[in-house]
Amino acid sequence: MAAAINQARSALSKMFNREQYSHFTLQSDGEGDEGSHVEVRLSDDVVDDHAPSEQVGQPGGSPSYRPRPQQNYRKVCYLALGTLFIFIIGYLIGYVSHHSPRKEPITCDSEQEVGVAEEAIVESSLSWNDITSLLAQRLTPDAFNSRLSDVEQPDHAAGSRADGILEYHVFDSFKSLEMEPWTDVHYVQLQTANSQKPNRVLIGQEAVGQPKGYLAYSATGKAQGKAVYGNYGSQEDLMLLQTLKVELNGTVILLRATGQISLAQQVANVAALGVSAVLIYLDPKDYKFQPTTELYGHVHLGSGDPFTPGFPSFNHTKFPRTQSSGLPTVLAQSITAASAAKILSLIGGLESPLSFKGSLDNVKYTLGGASSEDVTVEVNNVLQDTEIHNVFGVIKGFTEPDQYVVLGAQRDSWGPGYAKATVGTTLLLELARAVSEMVHTDGFRPRRSLVFASWSAGEYGSVGSTEWLEGFFSSLDRRVFTYISLDGVVTGHGEFKASASPLLYSLLESTMKEVKNPIGFGESGKSLYDKVSGVNFEKAVFEPMKMEDSAYPFLAFSGIPSLSFRFVSQGSEAYPYYGTSLDNKDHLGYATAHRLSFLATGAGLVAGQLALRLVHDHVLRLDVQRYRTVLSQSVVKINQRLKQVTRDGSAESLSARWLIMALGSYSRAATDLNTDLLNTDLTDTLACHNINDRIMRVEHNLLSPYVSPKEVPFRHLLFGRGSHTLAALLEGEDREVLRTQLALATWTLQGCANAFSGDIWDSDNQI
């Protein structure tokens, strides 16, 4: 600043160098004649004491010099220009000092300057096609195979040393990619087999086996009773048993494992009928295994640590001991097919229906209850306080970093867990590497953040991920706009299946049109979508999301739009090797026709493009209109059901009218949102943020506010479990209870419509 002032002063000095001014004299710089020197008296009262006594001029002292008009005009111009120049300099100095932030000087060599320039060009020129091409170039079968060998472990149960080794590997991988990794620590109670006192099953006094496998979260103790056979333990199977007058109360029931019903649901179904214990085995009709194959699993009808339901298992939390309502009250134990054959050959009773028949050798499959000897089940499982670590890495967005999509994979497993955990963890690391390199090398600039999560204790019912959701429940719904699960993405070849929130239907459909089919076998250039083109897309691809799905707690507990998907063998119900030591590389290779790396790469491209589209576009690609169709289907069924209930006229006020009106409010809010979107300037960051904020309210506001997360953790109106759901309105018989359920469901749906309709004065309260 001082230099600028001196420079201005020097310029002024030069400008006025020819003339020097005082209060009284005007004198030229040159040594001209004396006639050029004149004294001007400005006032009679002002006299210079040092003035000469004699004036130069005509006699009498009268002034004889009068400046020329042209010279005065030039002096005035110089004065005006100087004043203007000083004003401009002062203004510029003030502007710079108040508006320019102080920055440390940055030194760049020539190579850095070229790199910055190239990066700016790449950022401005990357189209969506460029982004998908870059992802495909960096996510390859060879890279997957190379990473797979680093991840595979023979056994990595939650909290074990092997689980810890994998945890450090994931953490270090994220760190090497500059993803600022961190861990989320929980102290949970996991139930394991008692090595000092094994579980036992006896017929009379004869042991039929000491199984190594076990079902976590079973009740413990000893139970005894007549043995009966209940097929799969589905509601239909149990109704048939009751029709055939088979007594179930106090019995030990033997069930076949199935991919259609979870182990927890099987136990819950039979426990409701008063059985004392449940034995579950792998029948050779469903599972082509050796008869000595052990089965592992859990029977908690829920997710997370069942001893801290609804709240997180942090070390500093001192909640009173409580239990999840989904914990079984009966003993549950897995046994081998060989042990099951011994029991079935001795139980007697009626011959079972044809649908109950399995493939055990020399077994008639009778319904039981007629044996002279009881079956005794002894379960000695123990609860262990276990420290588990979830590992996270983040690629931060450049515009809205506080909003993010989460990609997650289970890290632990009983046994090798190749399809269950190894493939998913490998894909998680490969996707993190690919996207990170796109950002650091290729100039990709995501608007929003991508969070990569490695969960522990997934085998016990998504314990790690659920505890994280419980710990950050109050903020995640405003930040996480989608969860994409990488668990079990490859279990076969031939078909593509998915389970998702309806908000993600359209995005998955468009993604499948862009990703090439890795299972085409010569059908070069065809997309995944071509496999289902010409048929109803939703019926061909989507399946209901089950509670055992690792994406389920994100959707039904936290209200986050979620998606899981998988390549499966054509016609198969489920991957048969889950929960056994046979979930290894060889069996998965056989199930995928030895194209595991290609199928896994295809799965990675699906997950990657879903995530990148969500963080790249100005507006979130979550389609609120698709929910209207799903909601309408449920409301139509409820309306028909209520008409049947009120046919005798005894429940006049029991009507679906208000629920239908709430559905209308949702439909109008969805239409208005789409209209606002069409009229939004996509370059206006604030306008896009407001639209996205409204979209993100939809899923979360379908969680019922009228039930407790502790007692009813899965509060979603459509995908939850409990009396608050639309499905419950199709099952109840008590009319007063139905009336209450109808009112609460109506206001949950109306509240959702109000939440994303925009400003409060735009709310559509017509109820």
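**Local architecture of the predicted model**

Glu 178 counts as exposed, with a relative accessibility of 60%. In this predicted model, Glu 178 sits in the loop between helix H6 (161-176) and S4. Its backbone is also worth a look, since phi of Glu 178 is near 60°, a positive value in a residue other than glycine. The loop between H6 and S4 also holds Glu 180. Here too phi is positive, at about 50°, although Glu 180 is not a glycine. With a relative accessibility of 49%, Glu 180 counts as partly exposed, because the exposed class begins over 50%.

The strand that follows this loop in the description is S4, which spans residues 182-192 and includes Thr 192. Thr 192 has a relative accessibility of 15% and therefore counts as buried. When neighbours within four places in sequence are left aside, the contacts of Thr 192 are Tyr 214, Asn 381, Val 382, Gln 384 and Tyr 460.

Attention turns next to an open sheet. Four strands make up this sheet, in the order S6-S5-S14-S8, and their pairing is antiparallel. Strand S6 (206-209) and strand S8 (221-225) form the edges, each pairing on one side only. On average, neighbouring strands of the sheet are turned by 25° against each other, direction ignored. Inside the sheet, strand S5 (residues 200-203) and strand S14 (residues 375-379) run antiparallel and are joined by four bridges. One residue pair can be picked out here: Ile 203 has Val 375 in S14 as its bridge partner. A helix accompanies these strands, as H9 (residues 337-344) lies across S5, S6 and S14 and runs at about 140° to S6.

A second set of strands centres on S20. How many of the eight residues of strand S20 (residues 562-569) are buried? Eight of the eight are, so S20 is largely enclosed by the rest of the structure. In a regular strand, side chains alternate between the two faces of the sheet. For S20, both faces are covered. On one side, Ser 562, Ser 564, Arg 566 and Val 568 are buried, and on the other side the buried residues are Leu 563, Phe 565, Phe 567 and Ser 569.

The pairing of S20 can be followed strand by strand. Backbone hydrogen bonds pair the strands of a sheet, in either a parallel or an antiparallel manner. Strand S18 (residues 480-485) runs parallel to S20, and two bridges join them. Within this pairing, Tyr 483 has Ser 562 of S20 as its bridge partner. Strand S19 (residues 494-500), by contrast, runs antiparallel to S20 and is joined to it by seven bridges. Here Ser 499 stands opposite Ser 564 in S20. Both Ser 562 and Ser 564 are among the buried residues listed for one side of S20.

Helix packing provides the next part of the picture. Helix H13 (residues 505-514) packs against helix H17 (residues 596-616) at an angle of about 125°, and their axes are 10 Å apart. This angle makes H13 oblique to H17. The crossing of the two helices is right-handed. On the H13 side, the contact is made by Leu 507, Leu 508, Thr 511 and Glu 514. The H17 side contributes Val 606, Gln 609, Leu 610, Arg 613 and Leu 614.

Further along the chain, helix H19 (residues 657-678) has 22 residues and reaches 32 Å from its first C-alpha to its last, close to the 32 Å expected at 1.5 Å a residue. The buried residues of H19 are Leu 659, Ala 662, Leu 663, Gly 664, Ser 665, Tyr 666, Ser 667, Ala 669, Ala 670 and Leu 673. Their cover includes helix H18 (624-645), helix H20 (685-700) and helix H21 (735-755).

Two of these covering helices, H20 and H21, are linked by a loop that contains Ser 723. Is Ser 723 buried or partly exposed? With a relative accessible area of 45%, Ser 723 is partly exposed. Not counting residues up to four places away in sequence, Ser 723 touches Ala 728 and Gln 741. The C-alpha atoms of Ser 723 and Thr 740 are separated by 9.8 Å, with the two residues lying 17 residues apart along the chain.

Terms used:
Residues are numbered from 1 along each chain as its sequence is written. This is a predicted model: local features need pLDDT of at least 70, side-chain atom pairs count only at pLDDT 80 or more; totals for chains, interfaces and linings use all residues. Side-chain values use heavy atoms; hydrogens and water are left out. The expected span of a helix is 1.5 Å times one less than its number of residues. Buried means under 20% relative accessible area, exposed over 50%, partly exposed in between (1.4 Å probe, protein chains only). Contact means heavy atoms within 4.5 Å. Two strands pair if DSSP finds at least two bridges between them. Axes are lines fitted to C-alpha atoms, for helices over the stretch in contact, and angles run from 0 to 180 degrees between N-to-C directions. Angles under 35 degrees count as roughly parallel, over 145 as roughly antiparallel, 65 to 115 as roughly perpendicular and the rest as oblique. A crossing is left-handed if the near helix is turned anticlockwise from the far one by less than a right angle, and right-handed if clockwise.
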